[in-house]
Amino acid sequence: MKRVLYILLALTLLTACQQEEEITISAAASLTDALQEIVQQFEEVNQDITVSLNLGGSGSLSQQIIQGAPADIFFSASVPHFERVLQTGLIEEENARALLANELVWIQPKGDQLATTMDSFDQMAIGTPEIVPAGSYAQQALTTQGIYNKLEDQLVFTKDVRQVVQYVESNNVDAGIVYRTDALISNKVQINETLPMGEHDQIIYPVGIIKDSRAVGAFYDYLQSDEALDIFQQYGFQEIDGDIDGSIFSTN
């Protein structure tokens, strides 16, 4: 009888060890394509771990996380939105780092004549500045040129940066401001390098652990691996050192 109990206990422990663990990554929409490829490679090597992606504007994601939405890792396109989560204590600084950088570009529908001034645009799309980091950076860039207030009636605001691309692809707007990485994955838009881009905050992508576990730690480490960074770079992201002027975080 004891032998049977020992066998059952061993089988139970073995089954528990083999159970699949699911983790959720809340990430900026601009990371979509790169992360989907990285997740696929990670799951091929770690078949007992399933990674679910919750993609959207970093402002909306930070609000969701603070309000208790399930998330194990937050990968933001905005330091301020990331800091909001840090300040709640949901992420500890030792479990966070700045990983990537990006840049803003003007886009127009493929085939349109490239504009030399913004006067030829009836409507332009940017992300909603309060919740979409790309929109906030775009607002800064237009403000430093002294033209944001003049253009405000022509601006169409979107829920995330990917929607800006969609609006330009479908000719719903004449132009938009997006990350270079988003422009590069679309064959229906073209980058207009001739239009000026005003100054804005450096575009930094911090990532941090919310709920630590073996599976979460494994994926967090994988995001920083050479394999993952190669994929990010293929999509146009730039790798950066985790420290920006000593620290990107101001919660100390």
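Student: How much area does the protein expose, and what share do carbon and sulfur atoms supply?

Tutor: The protein exposes about 12500 Å², and carbon and sulfur atoms supply 46% of it. Accessible areas come from the Shrake-Rupley method with a 1.4 Å probe; for residues, only the protein chains shown count as cover. Keep in mind that this is a predicted model, where local features need pLDDT of at least 70, side-chain atom pairs count only at pLDDT 80 or more, and totals for chains, interfaces and linings use all residues. Residues are numbered from 1 along each chain as its sequence is written, and side-chain values use heavy atoms, leaving out hydrogens and water.

Student: What percentage of the residues is buried?

Tutor: Buried means under 20% relative accessible area, exposed over 50%, and partly exposed in between (1.4 Å probe, protein chains only). Here 49% of the 252 residues are buried.

Student: How many salt bridges are there?

Tutor: A salt bridge puts a side-chain nitrogen of Lys or Arg within 4 Å of a carboxyl oxygen of Asp or Glu. By this rule there are 5 salt bridges. One of them joins Asp48 to Arg214, with the closest N and O atoms 3.0 Å apart. The two residues are 166 residues apart in the chain. Asp48 is partly exposed at 24% relative accessibility, while Arg214 is exposed at 52%.

Student: Are Arg162 and Asp182 buried or exposed?

Tutor: Both Arg162 and Asp182 are buried. Their side chains meet in a salt bridge at 2.4 Å, N to O. Salt bridges with shared partners join Asp33, Arg162 and Asp182 into one network.

Definitions and conventions:
Helices (H or I, at least four residues) and strands (E, at least two) are DSSP runs, numbered from the N terminus.
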